[in-house]
Amino acid sequence: MDFFEVATTMPTVRRFSDRPIEQAVLEKIFETANMAPSGSNAQPWEFVIVRDGAARREIQRLYELAWVPYKDTAIIRGRTTLSARAEKALRLGDEFAASLSIVPVHVVIFLDRPKMRVVRGSAEDLTNFGATYGSIFPAIELMMLAARALGIGTAMTTMLSPHEAETKALLGVPDIYQLIALVPMGYPAEGFKRPFRKPVWPRLHDGHWDRAWPRSDKR
Ligand SMILES: Cc1cc2nc3c(=O)[nH]c(=O)nc-3n(C[C@H](O)[C@H](O)[C@H](O)COP(=O)(O)O)c2cc1C
């Protein structure tokens, strides 16, 4: 697939079919993710690829535990009415949380903290967060792009973070690793559409914050 087609038709997929993903396809996805850049080339990523049904059901339980309060506080934030778009997002979020365990592959991504040589929660960690998290999200994004190129949908989620300890216990992950994301992965129930984004033009500055980018028509 053409790169621009892949990159512009990779929405968050929240409705999946239960069709399994072939092992060779998974391996291609992770070999591609592994090519991501990272600070000092530390390559601090570990992927736990969960295919077992009971483990996926437990991950769903933990996700739902976090989703319910998130929905009530972070999204609704005391509003009495919601826009149609927000209502739809909440419905889809509910449906996604309730059906997570049918997604055939749950990828749980961990950051190898010792490789980053910064103690978690330290002052240096707070000022260095760009280098730390910037050393793992490119690999996650590359994994998602590779999956999309192979017809497989993904959803980046960080909802498991409040349940890091339970997730690590479930998956046997040693304490030095930090839970970063859960990316459910599978063939989409409804195909891929171009996701909505605001136009980029107001966010392009021509060498100085106050100078708008002189948009051309030649692309
Ligand atoms: C860091 C990060 C964390 C996210 N966490 C969640 C999550 O926990 N649950 C979820 O359903 N979507 C999650 N998302 C997906 C976003 O809601 C999604 O990227 C955004 O709404 C744009 O969706 P679209 O690409 O389908 O338009 C997350 C995305 C990012 C980048």
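**Exercise 1.** In this predicted model, identify the bridge partner of Gly153 in β4.

*Solution.* Begin with the residue pair: Gly153 is bridged to Gly186 of β4. Next, consider the two strands as a whole. Strand β4 spans residues 177-186, and its pairing with β3 is antiparallel, with 2 bridges.

**Exercise 2.** Determine the order of the strands in the open sheet, and explain why one side of β1 and of β3 lacks a neighbour.

*Solution.* The sheet is open, contains 4 strands and runs in the order β1-β2-β4-β3, with antiparallel pairing. The edge positions belong to β1 (45-50) and β3 (153-154); each has a single partner strand, so one side of each has no neighbour in the sheet.

**Exercise 3.** List the residues that surround the ligand and classify them as nonpolar, polar or charged.

*Solution.* First, collect the shell: Pro11, Thr12, Arg14, Tyr63, Phe96, Met156, Thr157, Thr158, Met159, Pro195 and Arg197 surround the ligand. Then sort these residues by class, which gives 6 nonpolar, 3 polar and 2 charged. As for location, the ligand takes up the space of the largest pocket.

**Exercise 4.** Describe the polar contacts that Thr12, Tyr63 and Arg197 make with the ligand, using a cut-off of 3.5 Å.

*Solution.* Take the residues in turn.

1. Thr12 contributes a backbone N or O atom, 2.8 Å from a ligand oxygen atom.
2. Tyr63 places a polar side-chain atom 2.8 Å from a ligand nitrogen atom.
3. Arg197 has a polar side-chain atom 2.7 Å from a ligand oxygen atom.

Finally, turn to coverage: of the 630 Å² of accessible area that the ligand has on its own, the protein covers 61%.

Technical notes. Residues numbered from 1 in each chain as written. Predicted model: local features only at pLDDT ≥ 70, side-chain atom pairs only at ≥ 80, totals over all residues. Heavy atoms only, no water. Near = heavy atom within 4 Å. Polar contact = N/O pair within 3.5 Å; in protein donor to acceptor, adjacent residues only side chain to side chain. Areas by Shrake-Rupley, 256 points an atom, 1.4 Å probe, with all protein chains shown as cover. 1 Å grid on protein atoms, 1.4 Å probe; cavity = no way out; pocket = protein on both sides within 12 Å on 5 of 7 lines; lining within 4 Å. Sits in = over half its atoms within 2 Å of the grid points. Nonpolar A, V, L, I, M, F, W, Y, C, P; charged D, E, K, R; others polar. Pairing = 2+ DSSP bridges.
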